[in-house]
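User: Please take a close look at a single part of this chain and explain how it is put together. I am in my first year, so give the cut-offs for each term.

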Amino acid sequence: MEHLMGLLRIRVYKGVNLAIRDVVSSDPYVVIRMGKQKLKTRVVNKSVNPEWNEELTLSIADPTLPIKLLVYDHDTFSLDDKMGDAEFEIGPFLEALKMRLSGLPSGTIITKVHPSRQNCLSEESTITWTDGKLVQNLCLRLRNVESGEIELQLEWIDIPGSRGI
C-alpha cells in the first residue's frame, strides 16, 4: 500500500464509428493495460457505436508508465479480432493534481492538453475541477485501424496510507 500513489478511475463511456469486423457489425469490448494490470469492459453486441458507461480502476505506482487501450471484436469460434489501439499519458493530469486545488467553483478549467503526434487525442482534452474532484475528459483516436474513437474520463482517488503525489 505504501508504494502506491493512488487510484485512477477510468470511465469508459462509448465508442464512435468503430471498424466493422464481422459481416455487418462488430461485438466490441475495451481492454486497458498499465504495466501488469489489465482491465476489461463487457462486450456490446452488434454495434459500431457502443455505449459501455463502465468504471475501471487502476492502482498507480509508477506514473511514467503509459496506459494502453485496446479494442477487440468478440468472436465465438475464433480468436478475437483487433479493432485498434490507443495510448495516453497521465503526466499532465498528475501535474494538475500536484497544484492541490480546493475551493474552486465546479467546472473550472485547470489546463488543456492539445492533440499532437505524440498522443492519440482526437480533440483538445480539458482537465477540470468538478464537484470537488479533478477530472479529465479524453477522446482517443484509435491507431492501426481504418476508423474509430473512444470517449473516456479520468478521475483521481486518494487512498489513505499511500505515498501520494
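Analyst: What follows describes one stretch of paired strands and then the chain around it. This is a predicted model, in which local features need pLDDT of at least 70 and side-chain atom pairs count only at pLDDT 80 or more, while totals for chains, interfaces and linings use all residues. Residues are numbered from 1 along each chain as its sequence is written, and side-chain values use heavy atoms, with hydrogens and water left out.

The part in question centres on strand 9, residues 133-141. Helices (H or I, at least four residues) and strands (E, at least two) are DSSP runs, numbered from the N terminus. Two strands pair if DSSP finds at least two bridges between them.

On one side, strand 9 runs antiparallel to strand 8 (residues 125-130), and four bridges join them. Within this pairing, Thr 130 has Lys 133 as its bridge partner. The two strands form a hairpin with two residues between them. In that turn, Asp 131 has a positive phi of about 50 degrees.

Strand 9 also pairs with strand 10 (residues 149-157), again in the antiparallel sense, over seven bridges. Here Gln 136 stands opposite Leu 154 of strand 10.

As for the setting, the chain has one helix and 10 strands. Their order along the sequence is β-β-β-β-β-β-α-β-β-β-β. Buried residues (under 20% relative accessible area; exposed is over 50%, partly exposed in between; 1.4 Å probe, protein chains only) make up 44% of the 165 residues.
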